[in-house]
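Please find below my note on the structure, set out as numbered points for discussion.

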Amino acid sequence: MSQWVKVAETAEIPPGDSKAFIVERESIAVFNVDGEYFAISNRCPHAAGPLVQGFVEKGRVVCPWHAWSFPLSPVNPPNDGVARYRARVDDGSIFLEVPVGNYGQSSIIRSM
Ligand code: FES
C-alpha cells in the first residue's frame with residue numbers, strides 16, 4: 001500500500017538541483033532533471049554515500065564518494081538495492097509515492 005506525500009514546492013528544487021527529505025524514516029533524494037523530478041534513496045548501497053550530493057549524467061546519479069552510478073527512473077529499475085519513488089507535480093508542489101509506514105497518513109517530512 002502506498003500514499004502520495006507532498007515534499008516541497010517546485011521552486012525549492014530548480015532544474016539541475018537536488019534536495020533530500022525524510023519521509024516515513026527514509027531519506028529520499030529528489031532531483032530536478034530539466035524540469036522532470038526523480039526520487040531515489042539518498043543512501044548509496046556501497047557505503048551509504050549521500051546520493052543527493054551526486055551529479056546526474058545521462059539519467060543516472062553518480063555517487064559523490066566512489067562514483068557508483070544508479071539510474072534515476074522508477075520504470076523497470078535494476079535490482080541494485082536502491083529504492084526509486086514515482087514523483088509528480090500538482091499545482092506547483094512535488095509529491096512522491098511512498099509506502100505507507102508505521103505512521104500511516106501522518107508522514108514525517110523534514111528537508112535536509
Ligand atoms: S558510497 Fe557510493 S559509491 Fe561508495
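The points below move from the whole chain to its strands, its core and selected residues.

1. Overall make-up. The model is a predicted one. The protein chain holds zero helices and eleven strands, and along the sequence it follows the pattern β-β-β-β-β-β-β-β-β-β-β.

2. Dimensions. The C-alpha trace of the protein chain spans about 35 × 30 × 25 Å along its principal axes. The radius of gyration of the protein chain is 13 Å, and this agrees with a compact globule, because such a globule of 112 residues would have a value near 13 Å.

3. Burial and contacts. Of the 112 residues in the protein chain, 29% are buried. Among contacts in the protein chain with a separation of 6 or more, 46% are made by residues 24 or more positions apart.

4. The hairpin of strands 2 and 3. Strand 2, residues 18–23, and strand 3, residues 26–33, run antiparallel and are joined by six bridges. One pair to inspect is Ser18 with its bridge partner in strand 3, Phe31. The two strands form a hairpin with two residues between them. In that turn, Glu24 has a positive phi of about 50°.

5. The open sheet. A further point of interest is the sheet with the order 5-6-7, which is open, consists of three strands and has antiparallel pairing. Its edge strands are strand 5 (55–57) and strand 7 (69–71), each of which pairs on one side only. Neighbouring strands of this sheet are turned by 30° against each other on average, direction ignored. Strand 5 is joined to strand 6 (residues 60–62) by three bridges, and the two run antiparallel. Val56 stands opposite Val61, a residue of strand 6. As background, strands of a sheet pair through backbone hydrogen bonds, in either a parallel or an antiparallel manner.

6. The nonpolar core. Which residues of the largest nonpolar core touch the most other members? They are Ile28, Ala29, Val30, Ala39, Ile40, Ala87 and Leu96, out of the 26 residues in this core. At least two residues of the core come from each of strand 1 (2–9), strand 2, strand 3, strand 4 (36–41) and strand 10 (93–99). In soluble globular proteins, nonpolar side chains tend to be buried together.

7. Ala39 within the core. Neighbours within four places in sequence aside, Ala39 is in contact with Ile28, Val30, Arg84, Tyr85, Ala87 and Leu96. Of these partners, Ile28, Val30, Ala87 and Leu96 are also among the core residues that touch the most other members.

8. Val98. Is Val98 buried or exposed? This residue, placed in strand 10, is buried, because 22 other C-beta atoms lie within 10 Å and the threshold for burial is 20 or more. Not counting residues up to four places away in sequence, Val98 touches Ser2, Gln3, Val5, Val23, Glu24 and Tyr85. Glu24 is thus named twice in this note, as it also sits in the turn of the hairpin between strand 2 and strand 3. The C-alpha atoms of Val98 and Ile28 are separated by 10.0 Å, with their positions 70 residues apart along the chain.

9. Ile22. Ile22 belongs to strand 2. With 16 other C-beta atoms within 10 Å, Ile22 is partly exposed, because a residue counts as buried at 20 or more and as exposed at 12 or fewer. Its C-alpha atom is separated by 8.9 Å from that of Val7, a residue 15 residues apart from Ile22 along the chain.

How values were computed: Residues numbered from 1 in each chain as written. Predicted model: local features only at pLDDT ≥ 70, side-chain atom pairs only at ≥ 80, totals over all residues. Pairing = 2+ DSSP bridges. Helix = DSSP H or I, 4+ residues; strand = E, 2+ residues; numbered from the N terminus. Axes fitted to C-alpha atoms, helices over the stretch in contact; angles between N-to-C directions. Core = buried A, V, L, I, M, F, W, Y, C linked by C-beta atoms within 7 Å. Contact = placed C-beta atoms within 7 Å. Rg over C-alpha atoms; globule rule 2.2 N^0.38 Å.
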